[in-house]
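Here are my notes on the model you sent, set out as numbered points for you to check against the coordinates.

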Amino acid sequence: MEFEKVVRKRKSVRDFKSKTPSWKEVLYAIDLANQGSFAGNQNHLHYLIIEDTATIKAIAHLCEQTWISNTKLLIVVCSDDTYLENLYGERGRIYSRQQAGAAIHTLILALTNKGIDSCWVGSYSDELIREKLKIPQHIQIEAIIPIGFESGRTKKPAKKSLERCLSWELWTQNRRPSMFEERQEDYEPLQ
Ligand SMILES: Cc1cc2nc3c(=O)[nH]c(=O)nc-3n(C[C@H](O)[C@H](O)[C@H](O)COP(=O)(O)O)c2cc1C
């Protein structure tokens, strides 16, 4: 799929058909997520794939989001801050969150590219999920991604317009300063 089409097509889906997505497509998406930028090229991420129905139901319960129980496959994205913190101190923890978010988005876009829908889930008790999945104490749970094939017709919500998220040269300037001069240069005075 063309890149722009993939980005615009991605949306959070919470109602899935009973069809199970292929774990091979999941590996394809994780491999693409691993191609991103990582501080010091330290990929600190680990992906836990859950296909067991009982475990998925338990996770839905722990997240207090019942829709998750109808999913056939979940990806739990985890990270280990240790190396980045040793290398970059306090800043390392910030890098850790940033590169996890970037990788999660690549993962979701890669799934979209394969026609697989998903939703980024961030609301859960870390402790309860950690205990259920035997995730070590020093590992962060960055996100849970239920995936599948949309059964309904979820509408993608409107997104922020460009003009509402831009400044030029200074935080306080919302217009490109040179635009006026460029227009002047383009202007051909009457002879
Ligand atoms: C960090 C993060 C946490 C989120 N947590 C949840 C969640 O716990 N449950 C849920 O249903 N959606 C969750 N979402 C999805 C957002 O609700 C969704 O992205 C937003 O409504 C915009 O819709 P769209 O993804 O279709 O563009 C989360 C998204 C992000 C980025």
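1. In what order do the four strands of the open sheet lie, and with what pairing? In this predicted model, the strands follow the order 1-2-4-3, and their pairing is antiparallel. Strand 1 (45-50) and strand 3 (117-118) stand at the edges with a single partner strand each, so one side of each has no neighbour in the sheet.

2. The pairing of strand 1 with strand 2 runs in the antiparallel sense over six bridges, and within it Y47 has V77 of strand 2 as its bridge partner. Helix 3 lies across strand 1, strand 2 and strand 4, and runs at about 115° to strand 1.

3. V77 also belongs to the largest nonpolar core, which has 33 residues and in which V77, L107, V121, I144 and I145 have the most contacts. At least two residues of this core come from each of helix 2 (23-33), helix 3 (53-63), strand 2 (73-80), helix 5 (90-113) and strand 4 (139-148), with helix 5 giving the largest share, seven residues.

4. For a view of the core from one residue, take I145: apart from its neighbours within four places in sequence, I145 is in contact with L74, I75, V77, L107, I108, S118, W120 and V121.

5. The ligand is surrounded by K11, S12, R14, Q65, C119, W120, V121, G122, S123, K156 and P157; by class, this shell comprises four nonpolar, four polar and three charged residues. Two residues of the shell, W120 and V121, are also among the contacts of I145.

Conventions
Residues numbered from 1 in each chain as written. Predicted model: local features only at pLDDT ≥ 70, side-chain atom pairs only at ≥ 80, totals over all residues. Core = buried A, V, L, I, M, F, W, Y, C linked by C-beta atoms within 7 Å. Buried ≥ 20, exposed ≤ 12 C-beta atoms within 10 Å, placed from the backbone. Contact = placed C-beta atoms within 7 Å. Pairing = 2+ DSSP bridges. Axes fitted to C-alpha atoms, helices over the stretch in contact; angles between N-to-C directions. Near = placed C-beta within 6 Å. Nonpolar A, V, L, I, M, F, W, Y, C, P; charged D, E, K, R; others polar.
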